[in-house]
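Student: Could you walk me through this structure? I have not looked at it before, so please start from the beginning.

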Amino acid sequence: MKFTARTVSDASTATSQCAVVPLFRNSKLSGAAAALNKASGGAIKAALELGDFTGKSGQSCLLPGTAKSKRLLLIGCGERKKFDRAAAREFARHTYKALNDTTARDALLHLEELEVDGADAEWLLEMLARSLESSSYRYTETVAKPKPALKLARVVVSSSAGKASAQRALDQGAATACGVNTARNLANLPGNVCTPSYLAAQARKLGRGNSKLSIQVLEEKKMRELGMGSLLSVTAGTEQPAKLIVMNYQGGKKSDKPYVLVGKGITFDSGGISLKPGAKMDEMKFDMGGAASVFGTMDAVTRMELPLNVIAVVAAAENMPSGSATKPGDVVTSMSGKTIEVLNTDAEGRLVLCDALTYVERFKPAAVIDIATLTGACVVALGSHATGLYANKDELAQQLLAAGTETHDRAWHMPLWDDYSKQLKSDFADLANLGGPGGGSVTAACFLAEFAGAYDWAHLDIAGTAWDSTPKGATGRPVSLLTRYLLDRAGA
């Protein structure tokens, strides 16, 4: 979908297949609404007088068009004084639904008089583009007859923002949404398609033709040389070789420290010898949601050509049971040299991440953020609304929280106290990979913190936010949060 910012002085003379007019309850027609009402022979006023449309939030009304606009689409915004960010998101959602019910290939949105309480015009435009583009996602990869795609191909937006800043906001929103959709598509793929090797191929595809993005894929032989015994212990029971995928985007100065994203890429998680229950095991294809979000964020970063350095590292592996699989009670040695007693082979995400977190020290990062569908305990604690956020620096935590609030891809700051680390003690290794039944999400984060002491680090547990079960599908979170965080670091 192409988004274009345009200043429309007279709505009645602007050409479009569908003119979208937001209206508040009990408001007088003015601006674009008044001009289009006159051009349509009073159609908008007639609809209001008949009561067919009142401006209530969630309402829409499609009317015959004018000489220049083939259709007039009225979208209710509710009470003007209550039009805040939440109401604006509802407006975007209902606009998409109403447009999708038409066959219009282009639309002109008249937002000149639409003001959001607590946000500026640029926020509205960024959110709107992100919402419309991400809503257009359709899964098509393994379906003979996929759902029909949105016919809308071009959206022109007239707003109170300056043309340059408006276009920038629209472009950022659209690029972020493309990243969200990239993440959703990767995570939605079945495990027999989306293997570690497939992810490596997708990384190479992303880097092809982009001089700022270089790709390196480390094979298991190299991982052994580096001493990544923890990561390799997870992949010991499968025939699919593990991959450590490094995507290096150089958009800033060579001397600028990079921001590093680390994604858990368990392309299917059976639980290993600690086998999961059969119910909903098919959803364990989503256990690479962290890796998918890293891919999506890098997609957005490269589209926007952000002026900063970003390195993405994906620890990709499959966790399967077999005669060669790691057993509960086995002790493995991580890249850091610390030994780990594997009490449960289903606590495998932290085993691949800890070696990746040690590996990224070589980049001397400005900050490191790992993203993982790590614990069911986080789902119990926060449900599907908030991502669990842990950090060893409060400033980094606050920056991520702010990015989540801005994009409504929210996180909640969780404790990372030494008290919980005591639960990871082992009689046979430096630490165990399980901390007992209490505070499971916290002890998992404390485990990772043992390997992230060399830099500013945050951990995002997205086990509750990466996918939905009803209807089943990946959400693309937290691509919006991560992209906003990087935009803020770039001053964009």
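Tutor: We will go from the whole chain to its cores and then to single residues. Please keep in mind that this is a predicted model, in which local features need pLDDT of at least 70 and side-chain atom pairs count only at pLDDT 80 or more, while totals for chains, interfaces and linings use all residues. Residues are numbered from 1 along each chain as its sequence is written, and side-chain values use heavy atoms, with hydrogens and water left out.

Student: OK, how many helices and strands are there in the protein chain?

Tutor: The protein chain holds 15 helices and 19 strands, where helices (H or I, at least four residues) and strands (E, at least two) are DSSP runs numbered from the N terminus.

Student: And what does the C-alpha trace span along its principal axes?

Tutor: The span is about 80 × 50 × 45 Å. The radius of gyration of the protein chain is 25 Å, which agrees with the value near 23 Å that a compact globule of 492 residues would have; this radius is taken over C-alpha atoms, and the globule rule is 2.2 Å times the number of residues to the power 0.38.

Student: What percentage of the residues is buried?

Tutor: Buried residues make up 57% of the 492 in the protein chain, with buried meaning under 20% relative accessible area, exposed over 50% and partly exposed in between (1.4 Å probe, protein chains only). Among contacts with a separation of 6 or more, 77% are between residues 24 or more positions apart, a contact being heavy atoms within 4.5 Å.

Student: Which residues have the most contacts inside the largest nonpolar core?

Tutor: Those are M247, I369 and Y485, in a core of 59 residues. A nonpolar core here is a set of buried Ala, Val, Leu, Ile, Met, Phe, Trp, Tyr and Cys residues joined through side-chain atoms within 4.5 Å.

Student: Which helix gives the largest share of this core?

Tutor: That is helix α9 (residues 289–304), from which eight residues of this core come. Not counting residues up to four places away in sequence, M247 touches a long list that includes V294, F295 and M298. There is also a second, separate core of 49 residues, with I311, V352, V368 and A445 among its members.

Student: Switching topic, where are the cis peptide bonds you can show me?

Tutor: One cis peptide bond joins T470 and P471, with omega about -10°, and P471 lies in the loop between β18 (467–469) and β19 (472–474). Another joins R477 and P478, where omega is about 5°, and P478 sits in the loop between β19 and α15 (479–490).

Student: What about the phi of K280?

Tutor: K280 has a positive phi of about 65° although it is not a glycine, and its place is in the loop between β9 (259–269) and α9. K364 also has a positive phi, near 45°, and is a residue other than glycine; K364 is found in the loop between α10 (349–359) and β13 (367–372).

Student: Is K280 buried or exposed?

Tutor: K280 is exposed, since its relative accessible area is 52%, and K364 is exposed as well, with a value of 61%.

Student: Then T95, buried or exposed?

Tutor: T95 is buried, because its relative accessible area is 0%. T95 lies in helix α3 (residues 85–100) and, leaving aside neighbours within four places in sequence, is in contact with V20, I75 and L109.

Student: And what does A14 touch?

Tutor: Not counting residues up to four places away in sequence, A14 touches R6, V8, K68, S69 and L108. A14 and L108 are 94 residues apart along the chain, yet their C-alpha atoms are separated by 8.4 Å. A14 lies in the loop between β1 (2–5) and β2 (19–23), and A14 counts as buried because its relative accessible area is 2%.

Student: One last residue: where is R138 found?

Tutor: R138 is found in the loop between α4 (121–135) and β6 (154–158), and R138 is buried, with a relative accessible area of 18%. Leaving aside neighbours within four places in sequence, its contacts include Y96, N100 and P148; P148 is ten residues from R138 in sequence and 7.9 Å away, C-alpha to C-alpha.
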